[in-house]
Amino acid sequence: MYNGILIKYGEIALRGGNRRLHETILANNIMSRLADMGLADVTRVRKDQGRVYVEAVDGGVIKDTKKVADDISHIFGITYVCPCVITDNSDFEHIKELSLALMKDAAIPGGTFKVEASRADKKFPLNSQEISAQVGAHLLENMPELAVKMIAPDVKITVEIRKKVYIYINQAIKGPGGLPAGSGGKAALLLSGGFDSPVAGYNMARRGVELVCVYFHSPPYTSELAKEKAVDLAKRLSFYTGGIKLYVVNLTEAMLYLNGKVPEVKLTLFLKRAMLTAANIVAEKENAQALITGDSVGQVASQTMHALAATDSAAGLPVLRPLAAMDKLEILETARKIGTYDISVRPHADCCTVFVPKHPELKPKKSVIENMEKRLVELPVMLVGAVDNAEVILV
């Protein structure tokens, strides 16, 4: 009987003058998700008084409402999603009958319930307390086996009187919160096959940042299965963000060049600088404003403060590190929650694990690294060529 889905948001309400823009982006993201589910022709998305609603068109119902609501609940910017009944008929007898029908569908035999009401439409003749009391009385009259319980009831039914009437029970699905994807600019994510970078991308996308992914492939040292991991990780991230563009950049030539030109203890630093430089070229192509990495301070030798300082100067754009203060257990927990863990755990090495020195330098000097790189005159041309010949995949 559900003909609508009520969508609540949190931080968007604090956006001030940008609130309407964020609401519009959120509504567009929801419409895009509905289109992906094949529901574009039977539903519509509407904004009303600080909420967003999905409604069935032409008096219809939304089939598999729980599944549709669950899919929508993963969209950034949403705090809660509730399947609901929406009606233009504000006759109170009609409201009571709809509430009864919902309760019969949801109630536990011999269970408890509570009615909550809110009245945004002050023209409605009853106030919130009166609505709650009279709807509750109607439910008890028709379902005497139930009992009222004000704290932690088995079923809570909510009646909201707005321009329309919205009735729903306690089936609220928690969303990720944050800001709508695409509302906070664009950044290039250096996506490896590991655990960290997908979590970093997720965290930044949750702040409204649109992602462009850059994966560095190094055949024959990395396999097609490693590339497949990266594609699958990008697909998983796109579940939350909408479509993502993935650049697969062949870094083999540059890696072999560096392996023969720089000391082994400094090789990882030069490889990371090469990746940041290539990612910066991608970012410029895509009009992105920053780079994103999965670095966590001190996790490995290339992520000490000295090493990060020695690599960042290779990037012409700001480098965002949303995992900087997270430990590995926190990162793995998030990976499990967002569905990237089972992909990252596949045993296929990416180029970040190739040519890793046994004893990397822990406290490199930025000036020394930069002066050494000036002598690598062929490297910039190699990196431009690698990006120009990159495989671009839309996921």
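## The sheet and its edges

In what order do the 6 strands of the open sheet stand? In this predicted model, the order is β14-β13-β10-β11-β12-β15, and the pairing is mixed. The two edge positions belong to β14 (319-320) and β15 (391-394). Each of these strands has a single partner strand, so one side of each is left without a neighbour in the sheet.

Let's look at the β14 end. Here β13 and β14 run parallel and are joined by 2 bridges. If you would like a residue pair to find on screen, take Ile292, whose bridge partner in β14 is Leu320.

## A helix on the sheet

Helix α5 (residues 196-205) packs on this sheet, where it touches β10 (186-190), β11 (210-217), β13 and β14. The direction of α5 makes about 170 degrees with that of β10.

How many of the residues of α5 are buried? The count is 10 of 10, and the helix is mostly covered. Among the buried residues are Asp196, Asn203 and Tyr202, along with Val199, Met204 and Pro198. Gly201 and Ser197 also belong to this buried set, as do Ala200 and Ala205.

## Thr304, between strand and helix

Back at β13 (290-292), the chain leads to another spot to visit: Thr304 sits in the loop between this strand and α9 (305-312). Is Thr304 buried or exposed? Its relative accessible area is 18%, and buried means under 20%, so Thr304 is buried.

Leaving aside residues up to four places away in sequence, Thr304 touches Gly298 and Leu362.

How values were computed: Residues numbered from 1 in each chain as written. Predicted model: local features only at pLDDT ≥ 70, side-chain atom pairs only at ≥ 80, totals over all residues. Heavy atoms only, no water. Helix = DSSP H or I, 4+ residues; strand = E, 2+ residues; numbered from the N terminus. Buried < 20%, exposed > 50% of the residue type's maximum accessible area, 1.4 Å probe, protein only. Contact = heavy atoms within 4.5 Å. Pairing = 2+ DSSP bridges. Axes fitted to C-alpha atoms, helices over the stretch in contact; angles between N-to-C directions.
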